Each structure stands twice: as structure tokens, then as C-alpha cells.
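Reader: Hi! Could you walk me through this one?
Author: Happy to; here it is.

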Amino acid sequence: MFATVLHELKSPQNVGSIVRTHVAMGGGPLVMVGQERPWQFRKSTQAFSRKLERQCDIVYLDEEAAFFEWCDELGFAPVAIEIRPQAAELGSIDWSERPALVFGNERTVLTDAFLARCDQVVRIPQFGAVGSLNVAIAHGMVAFDVRRGGGGALLATGRKYPERRLRSLAGDVGVESDAES
Ligand SMILES: C[S@@+](CC[C@H](N)C(=O)[O-])C[C@H]1O[C@@H](n2cnc3c(N)ncnc32)[C@H](O)[C@@H]1O
């Protein structure tokens, strides 16, 4: 089980995309840290989330300290996903059983003080002349790595939904009419 933790994200598109990936990857709690008030799931978010937030256990925490207390109470290991030279590289991680994956927002990065309180800092290697990845893309890459079991593990096979899709391609069942893009 993993948790996705969003640190003061602002973009409805990013939040919506992350919710969708979080559900697709079978995530547990979705935690929002530092929001002034609960996130408003308006059309601009739901165009990307497909209203999947309704399936999420969403936790709102207004302070960073409350996040670390929450991790202690529920047995999650805080893991910052951030670009730092000394961070461990995605692809080499043996994930703990309950990582709480923290992502920074679109404008700033997670602070050194915050990173120092996390069990681990993980960065996604980049190979071209790009400063950083879009946060929703970064979330998708890390969430998938957690699901597949991290460094060296075999690729995880999906469960219910992908299997149904595959069988539908073989003509066993009808395709669900969700008109996904
Ligand atoms: C778009 S970035 C922040 C951009 C920042 N304003 C800058 O100047 O680069 C937002 C978040 O995405 C995540 N992120 C983006 N690229 C990443 C990478 N290569 N490795 C780890 N995290 C990354 C981090 O959580 C980061 O805080």
C-alpha cells in the first residue's frame, strides 16, 4: 500500500491526473498537505480525475508537522520525490511496504528542512536538457515503480481492469463504455 502526498499543488489538471493515476495504481490514502482549505474538485479537476476522487480516502493536513505525525500514527514511511543530487535514483529503490510519496508543487520544490525529516529522497533520472518533469508525470513514474516492486523486480501484471480489457480484445467480454482517452 502506498500513499500519494501532494504538497500545496495548485494546478487542477495536475491534481486530477494524479488522482486518476493514484486510483489506477491501487493507491491508499491521498494526502494534501498545506492546502488552505479542502481541494475543490470542480470541472477543471474532474476533467482529468474522471471523478475518481470519490474512490479515494482523502486526508487534508494543513501543516508539515501534522503530516509527519500522520505517518507515524499510520505506519507510513515519508519518502520525498525530489530532484537532489544526493537522492537515490528511481529504478534502484527497494520500496518499504508503506511509502508515503511526497510531491512538490508546480512553482517551488520541497525544502531541505522537509527532506531532512523524510526517510528517503528519490529522484527520477533525467537524460535530456530539461530542468524537471511535470509533477503528474513524475507521480505516474514513481507510483508505477512502487507497484512493480522497485529495483530489479519483475513487471507487475495488472488485476481486474486490465484483465477485463485484455479479455475484451480477445472477444470474451464487452468493452466498458467509459470512452477513455
Ligand atoms: C515541476 S517540479 C518543480 C519545478 C521547479 N519549479 C523547478 O524549477 O524545477 C514539481 C515536483 O515534481 C517532482 N519532480 C519533477 N521532476 C522530478 C524528478 N526528475 N525527480 C524527482 N521528482 C521530480 C518533484 O516532486 C517536484 O517538487
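**A first look**

Reader: How much of the protein chain counts as buried?
Author: Of its 181 residues, 28% count as buried, meaning that 20 or more other C-beta atoms, placed from the backbone, lie within 10 Å of the residue's own. This is a predicted model, where local features need pLDDT of at least 70, side-chain atom pairs count only at pLDDT 80 or more, and totals for chains, interfaces and linings use all residues. Residues are numbered from 1 along each chain as its sequence is written.

Reader: Cool. How many helices and strands are there?
Author: The protein chain has six helices and seven strands; these are DSSP runs, H or I of at least four residues for helices and E of at least two for strands, numbered from the N terminus. Along the sequence the pattern is β-α-β-α-β-α-β-β-β-α-β-α-α.

Reader: And which residues touch the most other members in the largest nonpolar core?
Author: Those are Val5, Ile81, Ala100, Leu101 and Val102, out of 35 residues in that core. Such a core is a set of buried Ala, Val, Leu, Ile, Met, Phe, Trp, Tyr and Cys residues joined through C-beta atoms within 7 Å.

Reader: Which element gives the most to this core?
Author: H5 does, with six residues.

Reader: New topic: which residues come nearest to the ligand?
Author: Gly104, Ile124, Ser132, Leu133 and Val135, of the 18 residues around the ligand; being near means having a C-beta atom, placed from the backbone, within 6 Å of the molecule.

How values were computed: Buried ≥ 20, exposed ≤ 12 C-beta atoms within 10 Å, placed from the backbone.
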